[in-house]
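Work through the following exercises with the sequence and the model side by side, and try each task before reading its solution.

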Amino acid sequence: MFDPLPALRAGSLPDGAVADRLEAWGERLRAAEERVPLIKLYKGEQWVQAAAVLRAAENAGFEPDLWVASAGLGLQPAKKRFPAYAATFSPGSPDTVAAAPVDRRRWWKGLRKHVRGSRVEALGRDRPVLLILSEVYGSVLKPELGELGANGHGVLLIGGSADDGAIDGVHHVPANGALRKALGGTLTGLNARMAATWLAQCENGDLMSPRTSGSWERWAKRSAQPERFNRTPMTDADVKEYIRTSVAEQPDVSRTRLHRQLRESGRACEQGRFANLYAETMGER
C-alpha cells in the first residue's frame with residue numbers, strides 16, 4: 001500500500017481556475033520521485049477484480065491490455081509508473097478535482113496536456129474495447145464514448161451513467177444490483193464481476209456476438225434476485241457515519257449511488273433527508 005504525499009492530494013491544490021489547478025497538479029506529479037506501476041497503487045474490491053477480468057478475457061481468446069481512467073492521470077496503461085496520488089471526480093470527496101460537471105470535463109481534457117494522458121478513442125482503432133466505469137466516470141467520459149463508438153469497432157460498456165445507452169456504437173450493460181447475490185462481493189466490485197461474467201459467455205474472441213449477448217441475457221434473467229428489505233430507520237448520526245465510512249472506502253461514489261447502496265443494505269433514509277445529511281457531512285470534512 002502506498003500513501004500519497006500531501007502535495008499529491010487534489011484537495012491540497014489552491015482554489016482557482018481549472019487550467020491553473022491542472023498546471024500545478026502536473027508540476028507536482030513531475031516532481032515526485034518514487035513511482036510504481038499503477039496497478040500496484042490501487043486498492044479495494046474493484047481492483048482485486050481487475051485481475052479476474054483479465055483472466056476471463058484471456059480465457060475467452062483475447063490478448064487484453066489493462067488501462068486506467070483516472071481523475072488524476074487521465075487514460076494510462078496500468079503498467080505505467082506514477083507516484084501515489086489521491087484524486088477523484090466524486091463531488092463528495094475532499095480530493096475531488098472539480099465539483100461542477102462542466103469543470104470535470106475541462107479537467108479531464110486538460111490531463112492530456114499536463115499529464116500526457118492518452119485519448120480514449122485510440123483504444124478502439126484495431127480491436128474491441130471493454131469499459132468498466134462508475135456512474136460519475138461514465139458521465140465525464142460521455143463525449144469520448146461517442147467518438148469511440150463511431151470508430152466502428154466493438155465497444156462494450158459495463159456500468160456507466162444512466163444515459164450511456166443512447167450512444168451509437170456502444171453496447172451498454174447498466175449496473176444491475178439484482179445480480180449481486182449471484183456474483184458475490186459488494187456493490188463496489190459489481191461492475192467488474194459483471195464484466196468477468198460477460199467474458200465467460202464469449203467464444204472465439206468475439207466480444208459482442210448475438211450469441212454472446214443472448215447467453216448473457218439468459219444468465220442475467222435466470223440469476224437476478226432483487227433484494228427487498230424491511231428497512232431499518234436510522235438516526236442522523238448513523239447516516240452521517242455511514243456516509244463518512246462509505247466515501248472513505250469508495251472515493252468515486254456519487255451521492256445517488258451511496259443512497260441506493262444504503263437502501264439495498266436494508267436501512268432506511270428518505271432521499272431528501274439523505275441529501276441534506278450528505279451535504280452536512282461532506283462540509284465537515
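**Exercise 1. Describe the second largest pocket: its volume, its lining and the elements that contribute to it.**

Solution. The second largest pocket holds about 240 Å³ of space. Of the 19 residues that line this pocket, Glu135, Ala175, Asn176, Arg257 and Arg260 are the closest to its centre. A pocket is defined on a 1 Å grid over the protein atoms alone, as an open set of points where a 1.4 Å probe fits, with protein on both sides within 12 Å along at least five of seven lines, and a lining residue has an atom within 4 Å of a point. Two elements, H8 and helix H11 (255-264), each give two or more residues to the lining, and H11 gives the most, with four residues. By type, the lining divides into six nonpolar, nine polar and four charged residues.

The model is predicted, so local features need pLDDT of at least 70 and side-chain atom pairs count only at pLDDT 80 or more, while totals for chains, interfaces and linings use all residues. Residues are numbered from 1 along each chain as its sequence is written, and side-chain values use heavy atoms, with hydrogens and water left out.

**Exercise 2. Compare the expected span of helix H8 with the distance between its end C-alpha atoms, and decide whether H8 is enclosed or not enclosed.**

Solution. The expected span is 1.5 Å times one less than the number of residues. For the twelve residues of H8 (residues 190-201) this gives 16 Å, and because the end C-alpha atoms are 17 Å apart, the two values agree. Next, eleven of the twelve residues are buried (under 20% relative accessible area, with a 1.4 Å probe and protein chains only), so H8 is largely enclosed by the rest of the structure. Among the buried residues are Met194, Trp198 and Leu199. The buried residues of H8 pack against several elements, including helix H3 (45-59), strand S5 (129-133) and helix H9 (210-223), where contact means heavy atoms within 4.5 Å.

**Exercise 3. Classify the ring pair of Tyr42 and Trp47, and then that of Phe89 and Tyr137.**

Solution. The whole structure has seven aromatic pairs, counted where ring centres of Phe, Tyr or Trp (its six-membered ring) lie within 6.5 Å; planes under 30 degrees apart are stacked, over 60 edge-to-face and the rest tilted. The centres of Tyr42 and Trp47 are 4.6 Å apart and their planes stand at 20°, so this pair is stacked. Phe89 and Tyr137, at 5.2 Å centre to centre and 70° between the planes, are edge-to-face. Phe89 is buried at 0% relative accessible area, and Tyr137 is also buried, at 7%.

Key: Buried means under 20% relative accessible area, exposed over 50%, partly exposed in between (1.4 Å probe, protein chains only). Grid points are joined across faces, edges and corners, and a volume is the space filled by probe spheres set on the points. Ala, Val, Leu, Ile, Met, Phe, Trp, Tyr, Cys and Pro count as nonpolar, Asp, Glu, Lys and Arg as charged, and the others, Gly among them, as polar.
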